[in-house]
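Subject: Handover of a structure

Dear colleague,

Please find below the structure that I am passing on to you. My account of what was found in it follows directly after.

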Amino acid sequence: MSLLTLQDVAVRRGRREVVHDLSLVVERGETVAVLGPNGAGKSTLLEAVGGVLPVAGGTRTIDGRVASVLQTPGLARRSVRANVQLALAWWGVPRGQRRARAMEALEQLRAGHLSERPADSLSGGERRRVHVARGLALRPDLLLLDEPFAGLDPEARAALCEDTSSALREGAGGVLVVVHDRAEAWALADRLVVLMDGRTVAAGPPAELLAAPPSAEVARFLGYDGELRRGDQVLLTRLPHVVLDPAGDLDATVVRTLPQQDGIRVELRLADGVLRAWHHEPGLRAGDDVRVRLIGGVTFPGGEEASGER
Ligand SMILES: Nc1ncnc2c1ncn2[C@@H]1O[C@H](COP(=O)(O)OP(=O)(O)OP(=O)(O)O)[C@@H](O)[C@H]1O
């Protein structure tokens, strides 16, 4: 039996149904990430799985105990370790095991050095670490995490994401995590579910979804930012698919260059759309004519209505 099975689930917020006909399975030892635009219904889905919201239609079956790490880190005014031990006591862990379990989870999340600090003296990033560690310490069958890295600066976010990823891979339970961006989904997830307007629009291993997105809408959401109209088709590309090459077969004009940490992002206009590419040599200017070669991309029907500009 799967750890979590949702079958045609509907969830309401007040009178409005915001999750529709959603089916999802989480197996033991698996991390499933839910990704989608703001308002897609991700938190609502998690709350329904956690039992905070009722399921208005369909069925939810869970084989085991569920723990939720919600968005706001609520910690009591006592030491970090006492906070984690309190959760373990509430979970029913025998007194003699609580201290070691708390310390183990804090160490896993590189928060061991914070164990004796008062929780109200922590920085935002430290609170997040402790918050995630507290969820892991419970060792639930199913752990629900709602944007566990929200509000952190990019570096703290990446570091906590890496540590959480390692900790989750060591765990035996299943995890359903709402993530904020694709990088987090890639770092954490065995499988990715893309939610839009309360419906699943794509599901599968992240690398497979990226290589073969099921629709143009999902492709754009996953980072396909180039778009060429080809008759009644539209060809979508990502940055690595587009190579500036004097021997290339496509004529393009540089619209603008955006210097970034890993190179220069170049926006290109072609007769039939817009492409974006990485470039690593300075000197390109808006208005320059260049040649381009495509080494990837995905094609979908719908070239006529595609704007080619985004
Ligand atoms: N407490 C609430 N009462 C009524 N409607 C709500 C409530 N919370 C959320 N909604 C609505 O339900 C829909 C789904 O919201 P939800 O928070 O689940 O989306 P989300 O995908 O988690 O979004 P975000 O990425 O912005 O956190 C939205 O239209 C939202 O406005």
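Arg-139 counts as partly exposed, because 18 C-beta neighbours lie inside 10 Å, and a residue is called buried only at 20 or more. Please note that this is a predicted model. Arg-139 belongs to the loop that runs between H4 and E6. Its phi is near 50°, a positive value in a residue other than glycine.

A positive phi is also found at Asp-8, where the angle is near 50° and the residue is again not glycine. Asp-8 is part of strand E1, which covers residues 4-13. Is Asp-8 buried or exposed? Asp-8 counts as exposed, since 12 C-beta neighbours lie inside 10 Å and the limit for exposed residues is 12 or fewer.

The overall layout

The protein chain has 310 residues, of which 36% are buried. Its secondary structure comprises 8 helices and 17 strands. Along the principal axes, the C-alpha atoms fill a box of roughly 70 × 45 × 30 Å. Among contacts with a separation of 6 or more, 67% join residues that are 24 or more positions apart.

According to the domain assignment, the chain holds domain 1 (2-211) and domain 2 (226-301). The centres of domain 1 and domain 2, taken over C-alpha atoms, are 38 Å apart.

The sheet with mixed pairing

An open sheet of 6 strands follows the order E5-E6-E7-E3-E8-E9, and its pairing is mixed. Strand E5 (66-69) and strand E9 (199-204) are the edge strands, each of them pairing on one side only. On average, neighbouring strands of this sheet are turned by 15° against each other, with direction ignored.

At the E5 edge, the partner is strand E6 (residues 142-146), and E5 and E6 pair in the parallel sense over 4 bridges. Within this pairing, Val-69 has Leu-145 of E6 as its bridge partner. Helix H4 (residues 124-137) lies across both E5 and E6, and runs at about 180° to E5.

Helix packing and the nonpolar core

H4 also packs with helix H2 (residues 80-91): the angle is about 30°, and the two axes are 9 Å apart. The crossing of H2 and H4 is right-handed. On the H2 side, the contact is made by Val-80, Asn-83, Val-84, Ala-87 and Leu-88, while H4 contributes Val-130, Ala-133, Arg-134 and Ala-137.

Which residues have the most contacts inside the largest nonpolar core? They are Ala-33, Leu-45, Val-84, Leu-106, Ala-133, Ala-137 and Leu-176, in a core of 78 residues. Because domain 1 (2-211) and domain 2 (226-301) both give residues to this core, it lies between them. Val-84, Ala-133 and Ala-137 are named in the contact of H2 and H4 as well.

Ala-33 touches Val-177, Val-179, Ala-185, Leu-188, Ala-189 and Leu-192, leaving aside residues up to four places away in sequence. Helix H6 (residues 182-188) contains Ala-183. Ala-183 is partly exposed, because 13 other C-beta atoms lie within 10 Å, a count above the limit of 12 for exposed residues and below the 20 needed for buried ones. Ala-183 and Leu-143 are 40 residues apart along the chain, and their C-alpha atoms are separated by 20 Å.

The antiparallel sheet

A further open sheet is formed by 8 strands in the order E12-E16-E13-E14-E15-E10-E11-E17, with antiparallel pairing. Strand E12 (242-244) and strand E17 (298-301) stand at its edges; each has a single partner strand, so one side of each is left without a neighbour in the sheet. From one strand to the next, the twist averages 40°.

E12 is joined by 3 bridges to strand E16 (residues 289-294), and the two run antiparallel. Here Val-242 stands opposite Leu-294 of E16.

With kind regards

Conventions
Residues are numbered from 1 along each chain as its sequence is written. This is a predicted model: local features need pLDDT of at least 70, side-chain atom pairs count only at pLDDT 80 or more; totals for chains, interfaces and linings use all residues. Domain bounds come from an automatic or database domain assignment. Two strands pair if DSSP finds at least two bridges between them. Axes are lines fitted to C-alpha atoms, for helices over the stretch in contact, and angles run from 0 to 180 degrees between N-to-C directions. Two residues are in contact if their C-beta atoms, placed from the backbone, lie within 7 Å. A nonpolar core is a set of buried Ala, Val, Leu, Ile, Met, Phe, Trp, Tyr and Cys residues joined through C-beta atoms within 7 Å. A crossing is left-handed if the near helix is turned anticlockwise from the far one by less than a right angle, and right-handed if clockwise.
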